[in-house]
Amino acid sequence: MAYNGKQRAFLVDTLALVRKLEKEGFESKHAEAITDAVTQVLSDSLENVAQLYVSNGEMQKIQMSIEADISKFKSQVNSSQVLAGFFFCKNEF
């Protein structure tokens with residue numbers, strides 16, 4: 001198991017990868033370096049993907065904020081219509 005900088009775990013059998021590379025003719029130090037590089041790329045990719053998603057809690061906060069903004073906007077529109085109606089009626093007399 002490997003961890004990226006934010007402790008997001010993912011499984012990589014690094015020993016198996018090193019052994020496979022050694023079996024294919026890589027020296028041990030090269031196989032380990034390649035395995036480290038692959039593990040880092042996987043970690044970075046996982047973090048990039050994770051940043052694309054929003055948690056349910058965050059989504060609910062955003063939704064509540066939007067709903068509050070819409071409610072406030074509706075209230076302002078209604079107030080404007082009442083004032084416009086008042087001024088329109090006042091000018092009729």
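Helix 1 and helix 2 of this predicted model are oblique to each other. The axes of the two helices, which span residues 14-23 and residues 28-51 respectively, come within 9 Å and cross at roughly 135°. This angle is classed as oblique because only angles over 145 degrees count as roughly antiparallel, while those from 65 to 115 count as roughly perpendicular. In passing helix 2, helix 1 makes a right-handed crossing.

The two helices belong to a chain with three helices and two strands. Read from the N terminus, the order of these elements is β-β-α-α-α. The chain comprises 93 residues, of which 12% count as buried.

A residue of helix 1, arginine 19, was considered in relation to a residue further along the chain, alanine 31. Arginine 19 and alanine 31 are separated by 12 residues in sequence, and their C-alpha atoms lie 7.8 Å apart in space.

Arginine 19 also takes part in a salt bridge, in which its partner is glutamate 22. In general, side chains of opposite charge can pair when their charged atoms come close. Here the closest N and O atoms are 3.1 Å apart, and the pair qualifies because a side-chain nitrogen of Arg is required to be within 4 Å of a carboxyl oxygen of Glu. The count of salt bridges under this criterion comes to one. Arginine 19 and glutamate 22 are three residues apart in helix 1, so about one helical turn separates them.

The accessibility of the two partners was also determined. Arginine 19 has a relative accessible area of 47% and is therefore partly exposed. For glutamate 22 the corresponding value is 25%, so this residue is likewise partly exposed. Both assignments follow because partly exposed residues fall between the limits of 20% for buried and 50% for exposed.

A further feature of the model is a nonpolar surface patch of about 430 Å². The patch is made by Val54, Met59, Ile62, Ile66 and Ile70. One of these residues, isoleucine 62, is placed in helix 3, which covers residues 56-92. Isoleucine 62 has a relative accessible area of 42% and is therefore partly exposed. This value is compatible with membership of the patch, because patches are made of residues with over 30% relative accessible area.

Definitions and conventions:
Residues numbered from 1 in each chain as written. Predicted model: local features only at pLDDT ≥ 70, side-chain atom pairs only at ≥ 80, totals over all residues. Heavy atoms only, no water. Patch = residues over 30% accessible without salt bridge, like charges linked within 9 Å, V, L, I, M, F, W, Y side chains within 5 Å. Areas by Shrake-Rupley, 256 points an atom, 1.4 Å probe, with all protein chains shown as cover. Helix = DSSP H or I, 4+ residues; strand = E, 2+ residues; numbered from the N terminus. Buried < 20%, exposed > 50% of the residue type's maximum accessible area, 1.4 Å probe, protein only. Axes fitted to C-alpha atoms, helices over the stretch in contact; angles between N-to-C directions. Parallel < 35°, antiparallel > 145°, perpendicular 65-115°, else oblique. Left-handed = near helix turned anticlockwise from the far one by under 90°.
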